[in-house]
Each structure stands twice: as structure tokens, then as C-alpha cells.
Amino acid sequence: MAHDPISPINLVPFDDVQELRKAKPTTIPERFVRDMTERPTLGTASPFPDTVPIIDLSRLVKGNNDEYESEMLQLTRACEEWGFFQVINHGIDLSLLESTEKLVKDFFMLPLEEKQKYAIVQGAVQGYGQAFVFSEDQKLDWCNMFALGFRPHSRRIPKLWPSKPPKFSETIELYSVEVRKLCKHLLECIAMTLNLRADFFEEMFGVAVQGLRMNYYPPCARPDLVLGLSPHSDGSALTVLQQERGSPVGLQILKDNKWVSIQPIPNAFVINVGDTLEVLTNGKYKSIEHRAVTHKEKDRLSIATFYAPSYETELGPIPELVDENNPCKYRTYNHGEYSKHYLTNKLQGKKTLDFTKVESKKPT
Ligand SMILES: COC(=O)C(/C=C/C1=C(C)CCCC1(C)C)=C/O[C@H]1C=C(C)C(=O)O1
Ligand SMILES: O=C(O)CCC(=O)C(=O)O
Ligand SMILES: [Fe+2]
């Protein structure tokens, strides 16, 4: 059975945030308290005049010409100016979204001993626990996570697929099939915004890698001191994020050097451009740094699907998107190598993308 191509990863044992919360500590343990510069400012952000674009996918599927054209323009703007957008009318059965959400929440509510049966295994990037923790002095996220690989099938680790709650595995399987179709469709539309053939990415990616990460953020008595998830850009080509119905605001993106909250829209998916798409488009569409903050009284659940080329794919800027006005900014590399680099470094803004950059010429 093939594990992800990362072996071994020396992850450091982590503190389970739900258990910590149950113990009701009067102070937040030091490992979670962020340095002043990293702490979130909560509730003080002035209402942002602009908001992340919303794409109505039904208009791209069955809209008239005008609707189609205006939605494609909106998608181009979303990718160029935001790197983030929300998709409504995506066609995925709402009952599937609800049941997935409920089962994932039920999983996190299981006793710790049960969840630990699926603890991250060394050498893999899947399981229950915090990935991306490599040293004792690294600050921890106020979050419990559970990650699973879906595609290709050879990446699955069956012993990490929980037997409880009942129907968990079959439901997330159905979910992954539907979200995969959505990723393919979105990438077709994105290819067209770049004047590429609709099947350009599909053909390049081979059997695309698809991973799922479920994030559970318990309430935190001092949300001003901690982060739910450290600032990062995603290593994928595209990420599809589902936020639990009724979730408090938690996701923030770095826009023009300010952290902007994304207001959850019921039944919508939040989509973001990942590092791989940034490289392929030679920086025309950029991955955006984002993070999650916590709430004093409310918990929050999110489900992220990472969609990326097969590990064998050789990647670099698409020649059609490189010219004298936009010279080549990234080198050509193997995507398996990038994944390894990404998954063996802590989340630190867009730092992992340095791996792909063309070395700047030193003055002679
Ligand atoms: C923010 O997290 C990610 O971007 C991420 C992406 C993982 C991947 C790549 C960088 C390249 C292609 C494969 C894959 C989708 C695995 C997170 O991965 C998971 C894995 C664990 C564990 C986790 O916490 O997130
Ligand atoms: O929970 C969120 O809103 C963000 C999740 C995320 O960015 C991730 O899993 O990569
Ligand atoms: Fe992310």
C-alpha cells in the first residue's frame, strides 16, 4: 500500500484541544498563545466595502449567453483580484452536504480514545491530529484535525477510515465523488478564463490527488490570543471548503495586507486558488494567505478538499502565460517533490512557495 511520498515525518505529539477545553483551564497554555504580531484583532475590523466574489455556477451551466459571459467575467475577476470566491447553486445535493457535516461533527464528538484509533501515522499525512507540527517550540493551532486521502485509490489508508459514526465512510466517499466533479468543472471554467482548452488541467493533472481535511475549532476563552489555523496558502491547485451551517465567522484572508473575514453563505462552498495554480498561471492567479480565528462561545467546523495534480506531474508556468511582460517566475519541478516539501514544513504564510521560485540573478 502506498503512503504519501513523505517518509518519515517526525511530528511532535500534540495537545488535543477538545480535551484541553473540557479541563476548563483558567489560562490558555503557552503553546497556544501567539506572539503579539500574530494575534488576531477581533471585532475591530471595519466593515469591508468589497466582499469576496460570488459565482452562481448554474449560470455557467444553463444560463443564457449574457448570464454566462457575466459569470465568466466575475470568475476571472475572482481569480485575478481575490484568489478566493464563494460558489452558489453548485448542483451538489444539499442533503449530502448536511449529512457529511453532521457525521464529521459526530466524529469529532467521539471520545478521544476512539479518535486516537485513527491517529496520524508516521510516514503518512493522514489521520487524526495536528499535521505541520515539527518542533516543541512551535505554536499550536486551536483546532483538532482529521485528514484522509481519497484519490488516487492507492493513497488510501483503510485503517484510518473510521467505523464510527456509522455511515461516516460511505457518506464522505459520496461527498468526495461529488466534490471531485465540482473541482473538475471549476478547473474547466478557470482554463477558459485563461484562453486555454477546457480540458487543459484535466489532461495535465492525470489522476488528480484529492485529500480531505476536517477541521474542528472548539470555542476558546481567549480568542484574542490564539489562532484556529496558522496563516498559510494551500499547496493544492484548488481547494473547496465547506463551512458548517450556522458557523460563526472564522475564515480570514489576507487582502491588501489586511485580514478580511469571509462571511459564511449557507450551502455555498468557499473556493480558493492554491499554490499549484499560481505556478501554472505564472502568478496571474495567486494563492492567497488565509487563517482561521476562533470564537469565545461557539465552535466551528470546516471541511477542506484539496485537489492537486498527480505526484508524477512535472509542473511549471504554462508557456502561453509567459511573455516579456510577464517573464517566467517559477521553475519546473515535480509535483510529488513539492508536496513533500509542503507537508514537511510548518504552515508559514506563502513561504513554501519559495520552493518553486526561479532564483533571482545575483548582481555580478
Ligand atoms: C493547507 O493544507 C494543504 O494545503 C494540504 C495539502 C496537501 C496536499 C498537497 C500540498 C499536494 C497534493 C496532495 C495533498 C492534497 C496531500 C493539506 O494536506 C493535509 C494533510 C494533512 C495531514 C493535513 O492536515 O492537511
Ligand atoms: O477552517 C477554515 O475556514 C480554513 C481551513 C483551511 O484553510 C484549510 O484547511 O486549509
Ligand atoms: Fe487552507
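The following questions and answers examine ligand 2 and the iron ion in this predicted model.

User: Which element gives the most residues to the shell around ligand 2?

Analyst: In total, 13 residues surround ligand 2, and R213, Y217, H290, R300 and S302 are the closest. By class, the shell holds 6 nonpolar, 4 polar and 3 charged residues. With 4 residues, the element that gives the most is β12.

User: What percentage of the accessible area of ligand 2 does the protein cover?

Analyst: Several side chains place polar atoms beside oxygen atoms of ligand 2: one of R213 lies at 2.9 Å, one of N215 at 3.1 Å, and one of D234 at 3.3 Å. On its own, ligand 2 has 290 Å² of accessible area, and the share that the protein covers is 98%.

User: Where does the space taken by ligand 2 rank among the cavities?

Analyst: Strands β5 (209-217), β6 (229-232) and β12 (300-308) are the elements that each give two or more residues to the shell around ligand 2. The space that ligand 2 takes is a cavity, and its rank by size is second largest.

User: How many residues apart are H232 and H290, two donors of the iron ion (ligand 3)?

Analyst: The protein donors of the iron ion are NE2 of H232, OD of D234 and NE2 of H290, at 2.1 to 2.2 Å. Their spacing in sequence follows the pattern H-x1-D-x55-H. H232 belongs to strand β6 and H290 to strand β11 (residues 290-292), so described as distant parts of the chain, and their separation is 58 residues.

Notes
Residues are numbered from 1 along each chain as its sequence is written. Chains are lettered from A and ligands numbered from 1 in the order in which they are written. This is a predicted model: local features need pLDDT of at least 70, side-chain atom pairs count only at pLDDT 80 or more; totals for chains, interfaces and linings use all residues. Side-chain values use heavy atoms; hydrogens and water are left out. A residue is near a molecule or strand if one of its heavy atoms lies within 4 Å of it. A polar contact is a pair of N or O atoms within 3.5 Å; within protein, one must be able to donate a hydrogen and the other to accept it, and residues adjacent in sequence count only if both atoms are side-chain atoms. Accessible areas come from the Shrake-Rupley method with a 1.4 Å probe; for residues, only the protein chains shown count as cover. On a 1 Å grid over the protein atoms alone, a cavity is a set of points where a 1.4 Å probe fits but cannot get out, and a pocket is an open set with protein on both sides within 12 Å along at least five of seven lines; lining residues have an atom within 4 Å of a point. A molecule sits in a cavity or pocket if more than half of its atoms lie within 2 Å of its grid points. Ala, Val, Leu, Ile, Met, Phe, Trp, Tyr, Cys and Pro count as nonpolar, Asp, Glu, Lys and Arg as charged, and the others, Gly among them, as polar. Donors are N, O and S atoms within 2.8 Å of the metal (3.2 Å for Na, K and Ca); water is not among the atoms, so sites may look incomplete.
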